[in-house]
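Reader: Hi! I'm in my first year and still learning how to look at a protein with something bound to it. Could you take me slowly through the part around the ligand, and then through a few places that are worth a second look?

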Amino acid sequence: MKKVFFSNSGAEANECAIKTARKYSFDKYGENRFKIVTLVNSFHGRTLTTLSATGQESFHQYFMPFTDGFVHVPADDFAALESAVDDGVCAVMLELVQGEGGVYVLDKEYVKKAEELCRKKDVLFIVDEVQTGNGRTGSLYAYMQYGISPDIVTTAKGLGNGLPIGATMFSAKCEKTLTPGTHGSTFGGNPVACAGAIAVIKAINDKLLSGVAEKGERIRGVLSVCSKVKSVSGLGLMLGVEADDAAALKEQCLQKGLVVLTAKDKLRLLPPLNIGDDELEEGLRILKEVLG
Ligand SMILES: Cc1ncc(COP(=O)(O)O)c(C=O)c1O
């Protein structure tokens, strides 16, 4: 990655990526090459444009008209992607592990073929690492486990660790696409949020990352012997647990003092990357109680 544009959230980071893809294409090919292909069950944010990018019908209500030009194809279906990437497409945008969409890990071969297709068609390959970035999956970015080189990577959540920051990172191909006046932000790159992000980046080292992988395995080990667990998905410390009535199980965990989330019909676990052994054991004890 050659350049970064700082903003204040994940949705803004994705808006910036979308604008860059459209301008990259406009500069090179002119009008009418503006479509962006994303995946069914993706989640890219809550602004009107990133809601359009989000491939879930439940998010396409109430706020019409939404931004035009987004096409959604099923995950891991390369034939569908190939036929969607026609001459009117300027970018493909993927989450490598769909977070809100049910902690679904994309297939490596599919992702590699998607990248090759983008190269062949001069379509920008955007990876949304708002949730997966900054060590969450056991590598600095999830794309590093896929052997790919995206044109744009977006990130936010873990980078700010509670402070509002978004980052859109550009490869050499599109580092010069946005120019002064074509994009900007009053608070983007503000010193407080950036000081926080610098502290986060300094804390991410090989030890922390290998700890993420180890702790993820430890949690999976416990889940594998719980009677209510049907399957476990995810990467590193981003885990999805398939079990009946996840919403009720989430409530039971909360009652016992363990904060978990749901994603679609799964329980979703996103523990702190630096969680200590005692806290992890305590959380696992509660999970075992709730999940049998
Ligand atoms: C993959 C992904 N992209 C974008 C967003 C939007 O980020 P924000 O809430 O910071 O705007 C989220 C938030 O859940 C996300 O998980």
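Author: Here is a walk that starts at the ligand and moves outward along the chain.

Before we begin, please keep in mind that this is a predicted model. The chain has a mean pLDDT of 98, and 100% of its residues reach 70 or more. Among the elements of the chain, strand 8 has the highest mean pLDDT, 99, while strand 12 (residues 261-263) has the lowest, 96. Where pLDDT is low, predicted coordinates should not be read in detail.

Let's go to the ligand. There are 13 residues around the ligand, and those that come nearest are Gly10, Ala11, Asp128, Gln131 and Lys157. What kinds of residue make up this shell? Three are nonpolar, six are polar and four are charged. Helix 1, which runs over residues 10-29, gives the most to the shell, with three residues.

Now look at individual atoms. In the side chain of aspartate 128, an N or O atom is 2.8 Å from a nitrogen atom of the ligand. Glutamate 100 also brings its side chain in, with a polar atom 3.3 Å from a ligand oxygen. With phenylalanine 43 you should look at the backbone: one of its backbone N or O atoms lies 3.3 Å from a ligand nitrogen. As for the ligand's surface, on its own the ligand has 400 Å² of accessible area, and the protein covers 82% of that.

Let's stay with glutamate 100 for a moment. You will find glutamate 100 in the loop between strand 5 and strand 6. Is glutamate 100 buried, exposed or partly exposed? It counts as partly exposed because its relative accessible area is 26%, which falls between the limits of 20% and 50%. Leaving out residues up to four places away in sequence, glutamate 100 touches Phe43, Gln131, Ala263, Lys264 and Arg268. With glutamine 131 there is also a polar contact of 3.4 Å between the two side chains. If you want a sense of distance, the C-alpha atoms of glutamate 100 and alanine 53 are separated by 14 Å, and the two residues are 47 apart along the chain.

Glycine 99 sits in the loop between strand 5 (97-98) and strand 6 (104-105). Glycine 99 is buried because its relative accessibility is 0%. Setting aside neighbours within four places in sequence, glycine 99 is in contact with Gln131, Met238, Ala263 and Arg268.

Next, find threonine 154 in strand 8 (residues 152-155). Why is threonine 154 called buried? Its relative accessible area is 0%, so it counts as buried. Its partners, not counting residues up to four places away in sequence, are Ala13, Asn14, Ala17, Val127, Asp128, Glu129, Val130, Ala167 and Thr168. Among these, asparagine 14 has a side chain that makes a 2.8 Å polar contact with the side chain of threonine 154. You can also spot Asp128 in that list of contacts, the residue whose side chain lies 2.8 Å from a ligand nitrogen.

Serine 171 is another buried residue to try, this time in the loop between strand 9 (166-170) and helix 6 (191-203). Serine 171 counts as buried because its relative accessibility is 13%, which is under 20%. Apart from neighbours within four places in sequence, serine 171 is in contact with Met1, Lys2, Pro150 and Asp151. Serine 171 and glutamine 98 are 73 residues apart in sequence, with 23 Å between their C-alpha atoms.

Finally, turn to the backbone. Most residues other than glycine have a negative phi, and most peptide bonds are trans. Asparagine 41 has a positive phi of about 75° although it is not a glycine. Asparagine 41 lies in the loop between strand 2 (35-39) and helix 2, and is partly exposed, at 27% relative accessible area. Tyrosine 62 also has a positive phi, near 70°. You can find tyrosine 62 in the loop between helix 2 and strand 3, where it is exposed, with a relative accessible area of 66%. Proline 65 lies in the loop between helix 2 (48-53) and strand 3 (70-73). Which kind of peptide bond joins methionine 64 and proline 65? That bond is cis, with omega about -5°.

Key
Residues numbered from 1 in each chain as written. Predicted model: local features only at pLDDT ≥ 70, side-chain atom pairs only at ≥ 80, totals over all residues. Heavy atoms only, no water. Near = heavy atom within 4 Å. Polar contact = N/O pair within 3.5 Å; in protein donor to acceptor, adjacent residues only side chain to side chain. Areas by Shrake-Rupley, 256 points an atom, 1.4 Å probe, with all protein chains shown as cover. Helix = DSSP H or I, 4+ residues; strand = E, 2+ residues; numbered from the N terminus. Nonpolar A, V, L, I, M, F, W, Y, C, P; charged D, E, K, R; others polar. Buried < 20%, exposed > 50% of the residue type's maximum accessible area, 1.4 Å probe, protein only. Contact = heavy atoms within 4.5 Å. pLDDT = per-residue confidence, 0-100.
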